[in-house]
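Visitor: I would like to learn how to read the inside of a protein model. Could you take me through the features in turn?

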Amino acid sequence: QAMKDKGPGGCWQEKDLAEALEEGGCDLETVRNIVQGRRLPADLRAKVWKIALNVVGKGDSLASWDGCLDLPEQSIIHKDCQELIDQLSVPEEEKSVLLLDIESIITFYCKSRNVKYSSFLGWIHLLKPLVHLQLPRSDLYNCFYAIMNKFIPRDCFLKGRPFHLFRLLLQYHEPELCSFLDTKKMTPDSYALNWLGSLFSYYCSAEVTQAIWDGYLQQADPFFIYFLMLIILVNAKDVILAQETDKEEMIKFLETSPANLDLEDIEDLFSLAQYYCSKTPASFRKDNHTLFGSSLLGLKDDDTDLSQALCLAISVSEILQANQQQGEGVRFFVVDCRPAEQYNAGHLSTAFHLDSDLMLQNPSEFAQSVKSLLEAQKQSIESGSIAGGEHLCFMGSGREEEDMYMNMVLAHFLQKNKEYVSIAKGGFMALQQHLADINVEGPENGYGHWIASTSGSRSSINSSVDGDSPNGSGDGKGVKSLVNKMTVALKTKSVNVKEKVISFIENTSTPVDRHISSSDRVGKPYRGVKPVFSIGDEEEYDTDEIDSSSMSDDDRKEVVNIQTWINKPDVKYNFPCNEVKENGHMFPSHLLVTATHMYCLREIPSRKGLAYIQSRQALNSVVKITSKKKHPELITFKYGNSNTSGIEILAVERYLIPNAGDATKAIKQQIMKVLDALES
């Protein structure tokens, strides 16, 4: 959001802007594309602001008004307007006309909106930047009204909701600063009342305010002011934390800090605000949109009291969508804090389990679990897993009395000044309700695999599902209860702590389509792959998540020369292919088939011509070979053993094989030979 001044010869697109504005019918989008966040030329500012505030061609609201200045607070209004005029550089002869205009505007606004005027509210200062535009009174009123309506939040007074929301935003990004201000009882409304109430015009010089508004009004996002406020506070962080002065002085210092902004700072202010904005969950806006605008719907009492909120709340729909998106957006690492038996009965398939009861019952084990949680989070981010994200979102049951322990866990993370901590709004109940509302039926629409359940120990599967066989059992709400990867969630109390395996993260069965930079991973994601379930024993889990920091797994694997192996006399077939992992990553490999076995050699990128023996499977252990209708090249091999009680699947491998038909045909023939030989 660069806000550059015109260079010596640079009238950038000023000509284009002037022409566009001349043509009439020019909209905000057109203006934005031309201006691209730079400062507006003074002579065109009025036109652009009117477009941004959507008041072009609006009539004169004051035309039918009798002009009576007779409010009970009239003398205060008159005094404040007089002071405002004195602050402005207005020629003497124009002062009296302007004073009447401003006083009329404020009075008419109070009368028509049924608002009681108070000097305490900084909104008279909104007229400062507007007066400089030298608009006729009707436009001046319309602009003022539009700003009050669209950009000044409801309840913008002491202890008002907008300030509780700002505290949650501050805590999300700067927990240390937030808790410091909390302990000093310096609430946001004590220093930021007039930042928000006057959109900085109270403290900043006219030029600086205009530069800020140039960017802010073009953003057309009322919430952006929150991020500008956040940056101003973050800038003062070192001074605040090293605080030597008393509370009153500190508040004064903070309150007036916007006055130190220069024109040169505005560009940085906006780009930093943009950065923090991109790192903030969408629920911050979506769940609080009733703060802005005059829609009567917004006036019904909101049931959530933000002053009591422990941290920012995230809607379950955002949690489900966030990790599906590419790019730099917010991604969540979901931590399920319900008791183990609830978690095992069904949980979000990407969630990490942290039993919050442990915090009181077994602090040392809890500390160990937290360590594993942070490690799993780190790994999942590095591996580009769909479950990975820097933003920790805690999910409880959604029943208040049960979530008491989760709140203690949350507080624990916040005390440790962990940033990006949030809570899932409504907990697991809201998640189930949401999935029922969007009516998840089967795995086809991508949501079918959201709920996983774990029963028994890691060797038993109650129902196993992949993209081809939707046989999950419903839980009465139309939500399919599916297993797509075993989760070690059962904390058997008899085993000592060392032997307990802390539940690890799993990948959801949803398309992964994330582009990873070449430095991130060796493998490339394959577009549109729906992963299948697999049983992860520890070793397979490790090798699944290979990244540069854990090469020790590969040390255990045999390194061989690819060509030598292909030329071995017992190798009947060689299919060059890519092995596809459940997180969508691909590794260039070779499938070699002998009379009795199938080998997968994974190429070593750094050592040309060499490969690891990634797996060796007996042909008679292949229980199923499937392909996807949409991706016939993508072949899934399931290995296991079949006995009277049915088929037990022990491993799953997936390969992307060019001309897969030929390959599977050859492999199937070879399997038949092996089975025939066994029977005879």
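Visitor: Let me begin with empty space: which residues line the largest cavity?

Guide: Rolling a probe the size of a water molecule over the atoms shows where empty space is left. In this predicted model, the largest cavity is lined by Ile319, Leu320, Asn323, Gln324, Phe332, Val334, Leu348, Thr350, Ile386, Ala387 and Trp450, and the elements that give two or more residues to that lining are helix H17 (316–322) and E2. About 70 Å³ of space lies in this cavity, and a search of the whole structure finds 3 cavities of 30 Å³ or more.

Visitor: In what order do the strands of the open sheet lie, and which strands stand at its edges?

Guide: The 5 strands follow the order E1-E6-E5-E2-E4, with parallel pairing. Strands E1 (312–314) and E4 (352–353) stand at the edges, and each has a single partner strand, so one side of each is left without a neighbour in the sheet. Further in, 5 bridges join E2 (residues 332–336) to E5 (residues 391–395), with Phe332, also part of the cavity lining, standing opposite His391 in E5.

Visitor: Which strands does helix H20 lie across?

Guide: Helix H20 (residues 363–382) lies across E2, E4 and E5, and runs at about 150° to E2.

Visitor: Which residues have the most contacts inside the largest nonpolar core?

Guide: In soluble globular proteins, nonpolar side chains tend to be buried together. Here the largest nonpolar core has 130 residues, and Ile212 and Tyr226 have the most contacts inside it; helix H12 (residues 224–235) supplies the largest share, 11 residues.

Methods
Residues are numbered from 1 along each chain as its sequence is written. This is a predicted model: local features need pLDDT of at least 70, side-chain atom pairs count only at pLDDT 80 or more; totals for chains, interfaces and linings use all residues. Side-chain values use heavy atoms; hydrogens and water are left out. A nonpolar core is a set of buried Ala, Val, Leu, Ile, Met, Phe, Trp, Tyr and Cys residues joined through side-chain atoms within 4.5 Å. Buried means under 20% relative accessible area, exposed over 50%, partly exposed in between (1.4 Å probe, protein chains only). Helices (H or I, at least four residues) and strands (E, at least two) are DSSP runs, numbered from the N terminus. Two strands pair if DSSP finds at least two bridges between them. Contact means heavy atoms within 4.5 Å. Axes are lines fitted to C-alpha atoms, for helices over the stretch in contact, and angles run from 0 to 180 degrees between N-to-C directions. On a 1 Å grid over the protein atoms alone, a cavity is a set of points where a 1.4 Å probe fits but cannot get out, and a pocket is an open set with protein on both sides within 12 Å along at least five of seven lines; lining residues have an atom within 4 Å of a point. Grid points are joined across faces, edges and corners, and a volume is the space filled by probe spheres set on the points.
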